[in-house]
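User: Please take a close look at the salt bridges in this model. I would like to know which side chains take part, where they sit along the chain, and what the nonpolar core beside this topic is made of.

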Amino acid sequence: DGASFGESFVHSPPREQARTKFDEADPVDERRYTIMGETVEIIARLREAGLQVDTANHDASLFEINYTYADRSEGTFAFEALAPLGDSVVKLTLARTGVSDGDLAGIVDFLRIEHLDLSRTGIGDAAMAHIAKLENLRVLNLRDTEVTDVGIQELASLNHLERVYLWGSEATSDGAKRLEKRAGEGTVVLGTELGAPPRRLGPRN
């Protein structure tokens, strides 16, 4: 089961519970993306390691990587395994994993990342210095994390930032407003429950 490599690459989850956004597509209109050369083998290795890999934006040269269903604990994320994909990684999902502030030092070389999901993890302010180096970041999900008003101010240097999700974090509405003011027009900070107690679920078992 899984992806069909070679002539085409068909999106499907590495495990039954890890459903992708393509699973509900009309079979008649099923999208296939041609992935050529060594990339086929790279993706196969990542999937064997438990990662979910999809093409992004209907473009076979761009990828989104999901660690949520992989068996990873703090210090074992080995982001160097993504290095062969280099600038092709534009979306990274670490939601509900054991990723730590220190682990995120390993993503700073992936400068094409536009979407980063850290929701329901234990990351805090120390992680923001690493995230602030992702110069193309547009969307950041910090829902149910330990990030505070101090940490989110690190994001003001990101010129392409459009949305930051903060509900359930330790940030307050005042901190969110300060970030919006510093980041300039075009930055939208969302959070219907700013300052509410975290409801983080923690790493998936």
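Analyst: What follows goes through the salt bridges and then turns to the nonpolar core.

The model is predicted. It holds six salt bridges, and three of them are described here, starting with the two that involve Arg-138.

In one of these, the side chain of Arg-138 meets that of Glu-114, with N to O at 3.4 Å. Glu-114 lies in the loop between strand 3 (89-93) and strand 4 (115-117), and Arg-138 lies in the loop between helix 2 (128-131) and strand 5 (139-141), so this pair ties together parts that are 24 residues apart in sequence. Neither end is buried: Glu-114 is partly exposed, with a relative accessible area of 22%, and Arg-138 is also partly exposed, at 30%.

Arg-138 has a salt bridge to Glu-162 as well, with N to O at 3.2 Å. This pair, too, links distant parts of the chain, because Glu-162 sits in the loop between helix 3 (149-152) and strand 6 (163-165) while Arg-138 sits in the loop between helix 2 and strand 5, 24 residues away. Glu-162 is partly exposed, with a relative accessible area of 30%.

Another salt bridge joins Asp-144 and Arg-143, whose closest N and O atoms are 3.4 Å apart. Here the two partners differ in burial: Asp-144 counts as buried at 0% relative accessibility, whereas Arg-143 counts as partly exposed at 23%. A separate point concerns shared partners: salt bridges join Glu-114, Arg-138, Glu-162 and Arg-163 into one network.

Now the core. In soluble globular proteins, nonpolar side chains tend to be buried together. The largest nonpolar core of this model has 43 residues, and those that touch the most other members are Ile-65, Leu-92, Leu-94, Leu-116, Leu-118, Leu-142 and Leu-155. Two or more residues of this core come from each of helix 1 (38-48), strand 2 (59-66), strand 3, helix 2 and helix 4 (173-183). Helix 1 gives the most, with three residues.

Leu-116 can serve as a worked case. Setting aside neighbours within four places in sequence, Leu-116 is in contact with Leu-92 and Leu-94, with Ile-107 and Ile-131, with Leu-134, Leu-137 and Leu-140, and with Val-139 and Asn-141.

Definitions and conventions. Residues numbered from 1 in each chain as written. Predicted model: local features only at pLDDT ≥ 70, side-chain atom pairs only at ≥ 80, totals over all residues. Heavy atoms only, no water. Salt bridge = Lys/Arg side-chain N within 4 Å of Asp/Glu carboxyl O. Helix = DSSP H or I, 4+ residues; strand = E, 2+ residues; numbered from the N terminus. Buried < 20%, exposed > 50% of the residue type's maximum accessible area, 1.4 Å probe, protein only. Core = buried A, V, L, I, M, F, W, Y, C linked by side-chain atoms within 4.5 Å. Contact = heavy atoms within 4.5 Å.
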